[in-house]
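Student: I would like a close look at one part of this protein: its nonpolar core and the aromatic rings. Please walk me through it, and show me the structure before you start.

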Amino acid sequence: KVGDSLRANLKHVLLNHELTHLRSDVKIETNIDNLSWAGINSQETKELFDLLEIKALKDRLKNLTGESEPIKAKPKTQNKKTLLKNFDEIDGIITSPVAVDLEYQEGKILSYAIALQNGDSYLVKSDRFGSWLSDSKIQKYMHNSKKYLHRQVIEGIVFDTELAAYLINPGTRSLSLNDLSEKYLGESLGNADELFCDFSTVGAESILKLVPILQKELVEREMEKLFLDLEMPILEILGKMERNGIAVDKDALLKEVEYFNAIVQSETKSAYSCAGHEFNVNSPKQLQAILFDELKLPKTKKNKTGYTTDAESLEWLFEKSKHPLLKHLLRIRETSKLLSVVEGLISAIESDLRIHTDFQQTVTATGRLSSTNPNLQNIPIRTEEGRKIRTHFIAQSPFVSLLTADYSQIELRIMAHLSKDQELISAFQSGEDLHSTMASLVFGVTPNDVDPEMRRRIKAMSYGLAYGLSTFGLAAQLDISTSEASELMAKYMERFGGIQDYLKTVVALAKKKGYTETIFGRRRYLPDLNQENRVRREIAERAALNAPMQGSAADIIKFAMLNFEKMAIENGLKSRLILQVHDELIVELYPGEEETVSDIVKTHMENAVELSLPLSVNIGIGRTWDEAAH
């Protein structure tokens, strides 16, 4: 049989042999001496690794010698570098502006360094400061200053080198002080920003030198205004929000742990009963053996270890087979996820019975804020059990309630504004249910004749376009054929032609420029837009579609936060902003301020920016986060 196959495909075998065989008779004019190894050009290599953001290989260069060594720290010409043991001496030395670097470990300041414009630098082995730190008139340059604002009040921060570098290139992860020093100054800090090393003034000196370089880049990229008017002020507000934290009912959360643990144990026993024996419900290998070998259930997608057993695959398998074991497995997965969320919240509760999350300002490429330690932007809300977790976030005395305010369909409104599509703008201005109004236009029926399925399809279509959804993706999301999805998309685009024109234009313009922009000029660089690899190019194209809308939404809510903070100060309010979750703000209300704060929040969120159609904000007030939701 093998012989027959070989003879039948002999031409292909010979062709493959010719294509894969190395030729040894090609004339090579290059002299062998020209091929001798001359060592690494450290400067070009460093620039290449910076371009490709390959930090690991840059570190390997440190082990090489001769010409292959990475750029060494340039000798520094210093006027004076002094160790000060008495922090009181600093007040008489400080001149504005001053670069500040803090030795910060496990939430505590151990010592700090300052660098002045005249070249002098000082190291203080103390966690105490003079009055200069809280003096807003003394301008301060820092790196990752919000990390310190989480616990320390610092006034007068006018430039953060990490934040500036992020705004210049939001796609990079190389934002450490050492990375920036190597990239812009050609100097390595050595171990200056690493743990378990001797703290010195080198970090503060580098910050001082980086500021004018980064300032110049911000100006060249037309983002200095965005940096100074939005990102720097937001940094201070986020530091204040982190210090405030949000109160939780710890006892209630502990009861949730007991509840979820009981469900997991009960469902696990039921799963054992269905399988006929005990097994590790978290082991993909054991699940594969039970589902596909023992129970002979339909095969899911194949991966390196067999067939997939993730939640999505189990849901598909349950739809196909209705086997009771899958129902128990899915319930275990769902409950375990909620259990993990609650346990994470409990571990983050501090002595004041509040959770002080870390807001990440330099992580997402679109400008959106994220939250870690713990992630308060990822509390599940789609199920009743998930929403119940939010009932344990409460107002803490002397505050009496929580106010939530969120933008309604903000990204679709931004899409309407950017596309200038009159049909979509009119649909918003009508005041009717947006998705039903759009469905009636697409399907050619009256709004009263729009059924839930029509509305669902148009809603998926609208939000999908804002995220660069393909025909295939729409088909998968709606569980329809690709031809149906293509027809739906064609009808939609026929009715809302401005959207189609905009989506085509934004990608074409991004390919030409190399980046996309928000309404406020925030850029996202997408070099893969001109990539020959189709998969990478299409990923970049989807990002190009989404970045202006998601980035503009992120900018708008940041402006709303600034407006609230300004009005709270002007009106002498004690109510305070404590949380931001994507398009939603949460305020802790002081007694007697509910009506005033509601008016301020709604007015200044809806008027944070002027668009061609109005922004809409929903307000809710309640004792808990869940009660305040709407």
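Tutor: What follows goes from the core to its rings, then to a small sheet and a few backbone details. Keep in mind that this is a predicted model.

Start with the core. The largest nonpolar core has 152 residues. W132, F393, Y407 and Y492 have the most contacts inside it. Helix α22, residues 534-570, gives the largest share of this core, with twelve residues. Apart from that core lies another one, of 17 residues. V281, L287, L325 and I332 are among its members. There is a general pattern behind such groups. In soluble globular proteins, nonpolar side chains tend to be buried together.

Now zoom in on W132. Leave out residues up to four places away in sequence. W132 then touches I90, D91, I94, V98 and V100. W132 also touches Y112, I114, I138 and K140. One of these, Y112, appears again among the rings. Ring pairs link Y112, F129 and W132 into a cluster.

Next, the aromatic pairs. The whole structure holds 14 of them. Take F159 and F227. Their pair is tilted, with 4.9 Å from centre to centre and 55 degrees between the planes. F159 is in strand β6, residues 157-160, while F227 is in helix α9, residues 224-244. The two residues are 68 residues apart, and their pair links distant parts of the chain. Both rings belong to buried residues.

Y492 and F496 make another tilted pair. Here the centres are 5.1 Å apart and the planes differ by 50 degrees. Y492 has a relative accessible area of 0%, so it counts as buried. F496 is also at 0%, so F496 is buried. Recall that Y492 was one of the residues with the most contacts inside the largest core.

Some rings have a charge over them. The charged end of K299 sits over the ring of Y307, 5.8 Å from the ring centre. R390 lies over the face of W625, at 4.0 Å from the ring centre.

Go back to F393, another of the residues with the most core contacts. F393 is in β13, where it stands opposite V248. An open sheet of three strands runs in the order β10-β7-β13, and its pairing is antiparallel. β10 (354-355) and β13 (393-394) are the edge strands, each pairing on one side only. Strand β7, residues 246-248, pairs with β13 over two bridges.

Follow the chain on from β13. The loop between β13 and β14 (401-407) holds P398. The peptide bond joining S397 and P398 is cis, with omega about 10 degrees. A cis bond also runs from S96 to P97, with omega near 0 degrees. P97 is in the loop between β1 (81-84) and β2 (98-105).

Finish with two backbone angles. E222 is not a glycine, yet its phi is positive, about 60 degrees. E222 is in the loop between α8 (202-220) and α9. E222 is at 62% relative accessibility, so it counts as exposed; the cut-off is over 50%. L353 is also a residue other than glycine with a positive phi, near 60 degrees. L353 is in the loop between α13 (324-348) and β10. L353 has a relative accessible area of 41%, so it is partly exposed.

Methods
Residues are numbered from 1 along each chain as its sequence is written. This is a predicted model: local features need pLDDT of at least 70, side-chain atom pairs count only at pLDDT 80 or more; totals for chains, interfaces and linings use all residues. Side-chain values use heavy atoms; hydrogens and water are left out. A nonpolar core is a set of buried Ala, Val, Leu, Ile, Met, Phe, Trp, Tyr and Cys residues joined through side-chain atoms within 4.5 Å. Buried means under 20% relative accessible area, exposed over 50%, partly exposed in between (1.4 Å probe, protein chains only). Helices (H or I, at least four residues) and strands (E, at least two) are DSSP runs, numbered from the N terminus. Contact means heavy atoms within 4.5 Å. Rings of Phe, Tyr and Trp (its six-membered ring) pair if their centres lie within 6.5 Å; planes under 30 degrees apart count as stacked, over 60 as edge-to-face and the rest as tilted. A charge sits over a ring if NZ of Lys or CZ of Arg is within 6 Å of the ring centre and within 35 degrees of the ring normal. Two strands pair if DSSP finds at least two bridges between them.
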